[in-house]
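Please examine the sequence and the three-dimensional structure shown below. The briefing after them introduces selected features by topic.

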Amino acid sequence: ALKVRPDYPEARENFHRVANWLVERWHFFMLNDYGRNRKYQQAIQKAVQSGCNTVLDIGTGTGILGMCAKKAGAAEVYACELSKTMYELAREVVTANGMDGGIKILHMKSLEMEIPKDIPQRVSLVVTETVDAGLFGEGIIESLIHAWHHLLLPPQNEFQEQSVTGRVIPAGATVFAMAVECLEIRRHHRVCVSEVGGLSMVAAGELRSPVSCSSEPDDSTEPYTTERLSRLPGGYKSLTQPFTALNIDFNNVQELEGLTSREVQRLRLPVIQEGELDALTVWFQLHLDEENSLSTGPQEDTCWEQAVYPVHNTKGFLLKPEDELVVEVSCRDAYLRLCSVAVVRNGREIRLDQRLDTQACENHISNRNPEAELCSALSSLQTEQNPPSNDFCSLESSEIALLNNHAYHQSFRAALAKLISQLKGKWQNRAGADPGSTDRSDLLYVLDVSEGFSLLSLIAASHGHVKAYSSVEKKKQQEVLKRLATSNNIPEERLEFWLNHVEDEQGMLKRPSREKLWSGIMLDCVETCGLIRQKLMEKASLIFLIKHVSIICTRCLLEDGGRVFPEKIVVYGTLVESDTLLLESAVQGREPTLGFNIAPFINQFTVPVHVFLDFSTLDCKHLSQSVELFVLDLMDATANYTHREVKVQATAAGRITAVPFWYNIYLDQEISVSTLSQNSHWKQAAAVLQEPLEVGAGEWLRLSVKLHKSTISISVDK
Ligand SMILES: CCc1ccncc1CNCCCCSC[C@H]1O[C@@H](n2ccc3c(N)ncnc32)[C@H](O)[C@@H]1O
């Protein structure tokens, strides 16, 4: 569609949504990392000059490493790429750089490659960077074991003199880890509050994020998540020195094969400062060859992410400098697994992850010694959870952060309280109904159509005289809500689950059978990534659709005086100069990619809006004040213009590269929550300019802001 009508907004938006997952965002900042590219090139040049004449690039991506090998003079270069999009892109790139005759690119996974079907004979060099922040997440171990067995010449060995031998770049890796205290990680993986919106959370049982490195690998969890430690709000505190968790030699196939069967390694790490254990963080050095290595450490100026293994004690666990932290390292199922399993204090080892039997703890308490406190603290943790600790409910890390967003829930609680007292007041005036009447008509109906796990329905029901409908779907999550209802004295019949399998939005938002209208409908409008939720405007207009479509103002879904929460969203933005956002959005010319012409091809997959941005820690230069960009009125969906011009004055000279934006969400006239606030579970988004715009201080700019089907686009010109 874009080829036919390049300016067709619908097709453009769809392409951008698709581009985001067709081509991973890290391609841009990886290709912009001249240091990384140069080091790979040097290692490849050295290998080719020392006799590696046939090369296979496993996971070629854009083809850059294969082109380095060709340019270094290798006679035969092969490349394989499992992603169709990247395969086609690599073909275009190699052709544009005049090497289509010299590099054979295969659209396949290296594990499927055979000789002579795919490549004529074994190669003397494999280059690859099929690594993720946890090193093994892209299957490099399996790929190299297969390559050594089927695709590579035998390795150098001291016994018989071989003319040409096989080798791998990178030659190996060293994995480092470090225990940290970090509030930002904690609030995304543990519920740190005992009360949410007035509801006690004790009965919820253990709510944990799906990131868990429990010993038995099961598919419902992933062993680690990733964070850019150098850009986490509030930073982190190192509780141990960085330690070497693993060394691996990619040129030793026995070692590679032994990795997954290697017994679990237990490391004892001295705690270097007091702090709460929140996670183990992991990074690595890729040893390209004896001289060159790449590091993905938090202190590096490159912007790789690190792997994060959150610890799952429900409450905090304070480490002290005289402690030793016991960490288990294993590579079961080819993932790198790290677990902090115990603390050694005064020579006594206290396990962290299993339930402590209180009897053992009782014995300790008698002789009042330091680990007794620790032990009794731990045992009290265990008893506090009602259900057994292995019965936990898994929530997305964004849902955990939402629960920890105190202001969000307090604001909803207050706004609901106002609505409910207004509506009750209305009734009492009408027909003198006696306030104590118990007839069904004095119930208020509140619908929570939030996506995912939400306590808003319970917060509404906790006000009394409210029947709340929750759109939580998962069985385990509904059980948590029921447990919380009971323990917060909310009669079970006041909470219903409005199953989302209703055929369409119309059905879902349809008024309850008893011909009652909704007193309140609660929407969550902004996605965690920082964009307006798709279909929001359609849903909101649907609530009022009847009101606008029919001549006679038949009742819309809301009773007279009923409200939709939020009623208004105000979008704010500011002009910034940020090289980081530029480097994460598009390849900046030929310079970083060793002079190869790659940028125009990969930049076809640039998207105009960067999401999941942590604006509070983005290194950037502010070039204007924050300005109001747009107002979305959910109470009157037709009021929303689709295009707005905003004048902004540059407050400093610089190069505008992006317009970060965020929202003030108004639950009613007075009560609002900001998606930029400190404990917000939201990240921000930023419109990235195609061409950076030089401005002088005091110069006026014109922002044109468009909203099309909940998609915001922003362009800047003078
Ligand atoms: C923050 C990530 C990071 C952290 C630390 N240091 C470096 C980085 C950046 N490296 C990212 C590469 C990660 C993706 S791998 C690159 C390309 O290779 C493809 N593939 C992967 C395996 C594979 C195979 N066996 N056979 C054929 N193709 C294969 C993928 O489809 C991808 O296009």
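The following points concern the ligand site, the nonpolar cores and one exposed residue.

This is a predicted model, in which local features need pLDDT of at least 70, side-chain atom pairs count only at pLDDT 80 or more, and totals for chains, interfaces and linings use all residues. Residues are numbered from 1 along each chain as its sequence is written, and side-chain values use heavy atoms, with hydrogens and water left out.

**Ligand site**
- The ligand has 19 residues around it, and those that come nearest are Gly59, Glu81, Ser110, Glu129 and Thr296; a residue is near if one of its heavy atoms lies within 4 Å.
- A side-chain N or O atom of Glu81 is 2.8 Å from an oxygen atom of the ligand.
- A side-chain N or O atom of Ser143 is 3.2 Å from a nitrogen atom of the ligand.
- The protein buries 94% of the 710 Å² that the ligand exposes when taken alone, with areas from the Shrake-Rupley method and a 1.4 Å probe.

**Nonpolar cores**
- The largest nonpolar core (buried Ala, Val, Leu, Ile, Met, Phe, Trp, Tyr and Cys residues joined through side-chain atoms within 4.5 Å; buried means under 20% relative accessible area) has 106 residues.
- Phe250, Leu286, Leu325 and Leu336 have the most contacts inside this core.
- A second, separate core of 92 residues includes Phe453, Val526, Ile665 and Leu689.

**An exposed residue**
- Asp560 lies in strand β27, residues 558–565 (strands are DSSP runs of E, at least two residues).
- Asp560 counts as exposed because its relative accessibility is 56%, and exposed means over 50%.

Conventions:
A polar contact is a pair of N or O atoms within 3.5 Å; within protein, one must be able to donate a hydrogen and the other to accept it, and residues adjacent in sequence count only if both atoms are side-chain atoms. Helices (H or I, at least four residues) and strands (E, at least two) are DSSP runs, numbered from the N terminus. Buried means under 20% relative accessible area, exposed over 50%, partly exposed in between (1.4 Å probe, protein chains only).
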